[in-house]
Amino acid sequence: LKAEISPEELLAIVHRVAERLTEKRILRGRADASRDLLRQEFYRRLVREGMEAGEIHAGLKELGPDLPERNLRLILVAVDGPRAPRPGEEEIRRCLGEVSGGRGYWVTDAGDFLGFIALADEAAASARRALLERWAEAIHRELGKEFGLRATVGLSAEHQTHAAWPSAYREAREAVVSARFLRGPGQTLFFDMLPVKVQNPLTPEEIDRLALAVLVEGDLTGIEARLASLESRSAVQAGALAILLACGRYLNECGRVYARIFGSRDLYAELCDCPDLAAVMKLLAEVAAEVRRHLGTEGCEGRSAVYKAAAWIRQHYMEEITLPRLAREVGLNPSYLSALFKREMGQSFMEFLTKVRIEKAKELLMLPGLKNQEIAEAVGYPNPHYFSRIFRRVTGLTPSDYRGQRPAPPKI
């Protein structure tokens with residue numbers, strides 16, 4: 001510092017130092033946030049996709065925590081409760097932060113669920129299992145007390161190597177989905193309690209298509225043909241189970257749960273007792289009939305939801321409308337609503353939305369004084385060039401050409 005310094009100069013120096021300290025804190029905060037994002041992406045890939053051993057060890061060393069290769073389990077948590085308002089994932093994770101006493105790591109992106117890598121190092125297997133059961137009980141209790149949510153908890157088998165994480169994810173997912181959709185929310189299920197452990201032979205696309213055929217059309221012919229192509233009884237059971245679970249997922253998202261439809265009937269056990277394909281198909285036919293009765297697709301409930309969706313589109317066509325948003329408005333699963341809409345209206349949701357918007361645009365084009373860009377925005381197309389392209393595809397004319405067809409105003 002100078003031998004003599006004015007108060008103003010001293011104040012300026014203090015301000016500069018404070019600014020530099022603030023900048024450093026901001027940069028440090030950004031670095032910590034970036035590191036957390038990298039850690040989350042690492043664990044997402046580790047759990048859901050798998051990695052080479054060298055990449056796993058390098059990632060654990062760099063990002064932490066250092067997971068021992070022993071007694072590893074994955075816990076997946078699904079939450080059910082009021083549609084709105086719902087707490088965010090960060091709030092739920094914060095609520096559950098003390099459940100394990102720091103003996104694990106939450107995986108932010110575990111698909112539709114909260115994922116938790118559990119570190120239970122007790123020497124005896126029975127002690128480790130008892131600890132996990134206590135954690136599950138605490139998850140149920142804390143989510144219910146704090147947010148009024150019902151948690152469903154699925155736990156993988158125990159693994160002794162990091163290379164097994166994708167298998168642990170599939171196991172925990174099958175456990176949580178089975179408990180949630182076949183037995184209702186609020187359950188805890190270990191993978192080793194499941195009677196069918198053969199990996200599902202059907203692709204996700206096949207499962208959705210076949211489940212929707214059951215729910216919307218009551219058509220089991222596609223299911224029978226696909227299951228008949230499988231080589232073993234266990235593969236048939238695993239495929240049928242996947243379809244049952246998909247139906248359960250749609251039911252749950254429509255506000256219904258398998259347990260409320262079938263009571264204490266254990267569909268899992270019944271499926272495992274089926275000796276052949278004919279018995280499996282008989283069970284699926286019974287399930288389909290009961291499910292369709294509750295969904296009301298043979299009566300007017302399905303049509304009512306579609307007509308409600310169509311009416312909502314006509315009222316909100318100028319807004320940004322997506323299938324998930326429309327499904328929320330009518331209280332149905334997006335894929336299920338899409339299939340119902342196509343059946344009832346003879347066109348897809350997007351085709352109907354486009355038709356409504358273009359018809360409204362035609363009306364506005366007949367009015368003097370409105371620019372094409374204003375009309376595009378008024379009917380839900382922020383981009384006027386995209387609007388012109390859609391308009392021409394539907395009508396065969398550009399908006400300007402269509403406007404040119406307007407009769408000239410009468411002479412006075």
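**A tour of rings, charges and cavities**

Start by selecting Arg129 and Phe190: the charged end of the arginine sits over the phenylalanine ring, 3.8 Å from its centre. Keep in mind as you go that this is a predicted model.

Next, select Arg357 and Tyr381. Here too a charged end sits over a ring, with arginine 357 placed 5.1 Å from the centre of the tyrosine 381 ring.

Stay with Tyr381 and add Tyr386, Phe387, Phe391 and Tyr402 to your selection. Ring pairs link these five residues, Tyr381 among them, into a cluster. The count of aromatic pairs comes to five. One of them joins Phe391 and Tyr402, edge-to-face, with 5.6 Å from centre to centre and 75° between the planes. Now show the helices: Phe391 belongs to α17 (residues 384-395) and Tyr402 to α18 (residues 399-404), so this pair ties together parts that are 11 residues apart in sequence. Are phenylalanine 391 and tyrosine 402 buried or exposed? Both are buried.

For the last stop, turn to the cavities. A search of the whole structure finds two of 30 Å³ or more, and the largest has a volume of about 50 Å³. To find the largest cavity, select its lining: Val214, Leu220, Ile223, Ile243, Leu244, Cys247, Leu284, Val287 and Ala288. Colour α8 (233-253) and α11 (277-295) as well, since these are the elements that give two or more residues to that lining. What classes of residue will you see around the largest cavity? Its lining has nine nonpolar residues, with no polar and no charged ones.

Notes
Residues numbered from 1 in each chain as written. Predicted model: local features only at pLDDT ≥ 70, side-chain atom pairs only at ≥ 80, totals over all residues. Heavy atoms only, no water. Phe/Tyr/Trp six-rings, centres within 6.5 Å; stacked < 30°, edge-to-face > 60°. Helix = DSSP H or I, 4+ residues; strand = E, 2+ residues; numbered from the N terminus. Buried < 20%, exposed > 50% of the residue type's maximum accessible area, 1.4 Å probe, protein only. Lys NZ or Arg CZ within 6 Å of the ring centre and 35° of its normal. 1 Å grid on protein atoms, 1.4 Å probe; cavity = no way out; pocket = protein on both sides within 12 Å on 5 of 7 lines; lining within 4 Å. Points joined across faces, edges and corners; volume = space filled by probe spheres on them. Nonpolar A, V, L, I, M, F, W, Y, C, P; charged D, E, K, R; others polar.
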